[in-house]
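Biologist: Could you take me through this model before I set anything up with it? I'd like the cut-offs spelled out as we go.

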Protein chains: 2
Amino acid sequence: MAEVAPTQVGSVARALELVELVVGGSTEGMALSEIAKAVGGSKSAVLATLRTLVDFGYLRVVEPGPKYLPGMMLIRLGDLAAAHDPLIAVARPILTQLSEKSGLTIRVARNDNGFPIFIDRVDGPGFVRFYTPLGVRELPHVSSAGKAILAELSDEEIRSVAKECGLVSRTKNSITSFTGLKKEIDHIRQVGFATDDEEDAQGIFCVGAAFFDHFGRCLGAISATGVKTDLTEEQVNNLGKLVIRYADQLTKELHGRKTVRRAI
Amino acid sequence: MAEVAPTQVGSVARALELVELVVGGSTEGMALSEIAKAVGGSKSAVLATLRTLVDFGYLRVVEPGPKYLPGMMLIRLGDLAAAHDPLIAVARPILTQLSEKSGLTIRVARNDNGFPIFIDRVDGPGFVRFYTPLGVRELPHVSSAGKAILAELSDEEIRSVAKECGLVSRTKNSITSFTGLKKEIDHIRQVGFATDDEEDAQGIFCVGAAFFDHFGRCLGAISATGVKTDLTEEQVNNLGKLVIRYADQLTKELHGRKTVRRAI
DNA sequence: AACGGTGTTCGGCAATACCGAACGGATATG
DNA sequence: CATATCCGTTCGGTATTGCCGAACACCGTT
């Protein structure tokens, strides 16, 4: 089976795999045989597990078929988990205000050892043209939030993170060399905000800025995301200053202290 | 133990109880002994389960102590579950627009046999002064969304729902008699929107309107929530018309068809 | 220094979660 | 129209494995 170092509970692990499988599946839902085949278990065992998950609302079953879909409890738990997180609780009103002011989608990422994990998002008005998942470690070098975080690290930390993620390419604009990244970070340290000019996805432009705890350590970054249009340098600068202002506001409300960014 | 009619998996059920326990706990996190005592299990068994949940990101452990807190995966799953739900996907831009237009917190509830289940929320600007959970069945008679849904039911359905929830009182403004509720619903059917004038919580005012599927059946309702201020009847009417317009827009984008509301 | 409180590890027993076969229904195929 | 093939479901039997309780190590307090 799977190599699990510490003591675990197998049936629970298998159940959680089922949840991820269904959540990652299509919006049509998944059938029992399909699920059993995917996880390589017997139909009867999978059925018992699915019933348990449905009982707790983690999944819901839609007739006819029976097909399994993500349940309401997941939304409830996600909402409660967000309410539990002090950072999200403080950040959300700020994200909302910045979204309204800029008309863009605003997200907040936590600094996870140099990697950004987006934990909340407030959509801008208009139809949502892109979807970015929450709660997962993202690539640091192709997102404005990630680069804003990187710019607050020491050079050796940056090198370590760059090595860990491999500086993989996502689009033709992605920065894939360490020297290129270093140059970019120098620029970020000068202007105080980071950009993502179609480096992660075609047609998407982002601006991000870091925020800090009361030790002056970078807790994460907020970013504004929109569809790429022809922005003048001045417009980018204005947006950058706006994002910085709200990031500073977040730092302040977290009783944090903004560090002097390392110039070189 | 618990009386479980169909075949289930006990260890999974116990694990999910742990998740709910921790999510419902304080923001400080819960200790192992505390959790074991609460669920009435041995520390070793609970520890193994907790480790599994931590491994999957459902919980996270914070040192020192080890204390257990809701994990990032819950946020991720909640976000994915919301993205899976066609209603949420369609509704969110509309909620965002209405929130921006009205400056209020907008929510959308699904009609669950006459009961509202709020499944998404877009906060208005400014500090959030109230928190309403998502994904749980709420009382139908003390929320504007609930009453907007009720007004689309037949009279016997309303009576059935009223019996089921007992018309319990939440504030001194709560409607607790069936005749009072019937009168209120007649009014809602006339004006097309429902209000909640501090009937669920002191100082909170809401306006809600229903939306429909392509059979003309009431799928749910959206509502605008704000702090109670001295609103003139005209202002309430204007807000009501605004909410109706966005609810109708939602109906339209769901390829739904608005029913002629039953006058009497 | 001895205590109550942690979290942790370990062995052993029995509960129980798994499997596979068999059934019934629905849909597709000849 | 009959046959075949999928589906979901039920049901025992087996042994896997998840549970317990005791013992350990650790810290803070008394």
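Modeller: What follows goes through the two DNA strands, then the rings, then a sheet. This is a predicted model, in which local features need pLDDT of at least 70 and side-chain atom pairs count only at pLDDT 80 or more, while totals for chains, interfaces and linings use all residues. Residues are numbered from 1 along each chain as its sequence is written, chains are lettered from A and ligands numbered from 1 in the order in which they are written, and side-chain values use heavy atoms, with hydrogens and water left out.

Biologist: OK, which residues come nearest to DNA strand C?

Modeller: There are 19 residues around DNA strand C, and those that come nearest are A:S42, A:S44, B:G10, B:L32 and B:S33; a residue counts as near if one of its heavy atoms lies within 4 Å of the strand. Of the atoms of DNA strand C that come within 4 Å of the protein, 65% belong to sugar and phosphate.

Biologist: And which base atom of strand C does A:S44 come close to, at what distance?

Modeller: An N or O atom in the side chain of A:S44 is 2.7 Å from a base oxygen of DNA strand C. That is a polar contact, meaning a pair of N or O atoms within 3.5 Å; within protein, one must be able to donate a hydrogen and the other to accept it, and residues adjacent in sequence count only if both atoms are side-chain atoms. From chain B, a polar side-chain atom of B:K43 lies 3.2 Å from a base nitrogen of DNA strand C, whereas A:R14 places a polar side-chain atom 3.1 Å from a phosphate oxygen of that strand.

Biologist: Which helix gives the largest share of that surface?

Modeller: Helix 3 of chain B does, with four residues, where helices (H or I, at least four residues) and strands (E, at least two) are DSSP runs numbered from the N terminus. By class, the surface near DNA strand C has six nonpolar, 10 polar and three charged residues; Ala, Val, Leu, Ile, Met, Phe, Trp, Tyr, Cys and Pro count as nonpolar, Asp, Glu, Lys and Arg as charged, and the others, Gly among them, as polar.

Biologist: Now strand D, what's around it?

Modeller: DNA strand D has 20 residues around it, of which A:G10, A:L32, A:S33, B:S42 and B:S44 come nearest. A backbone N or O atom of A:L32 lies 3.0 Å from a phosphate oxygen of DNA strand D, and B:S42 brings a polar side-chain atom to 2.8 Å from a phosphate oxygen. For B:S44, a polar side-chain atom lies 2.8 Å from a base oxygen of DNA strand D. Helix 3 of chain A supplies the largest share of this surface, four residues.

Biologist: Switching topic, what sits over the ring of A:F115?

Modeller: The charged end of A:R137 does, 4.0 Å from the ring centre, the criterion being NZ of Lys or CZ of Arg within 6 Å of the ring centre and within 35 degrees of the ring normal. In chain B, the charged end of B:R137 sits over the ring of B:F115, 4.0 Å from its centre.

Biologist: Last one: what's the strand order in the chain A sheet?

Modeller: The order is 5-4-8-7-6 in an open sheet of five strands with antiparallel pairing, and two strands pair if DSSP finds at least two bridges between them. Strand 5 (115-122) and strand 6 (194-197) of chain A are the edge strands, each pairing on one side only. Strand 4 (residues 105-112) and strand 8 (residues 218-227) of chain A pair over six bridges in the antiparallel sense, and A:V108 stands opposite A:I222 in strand 8.
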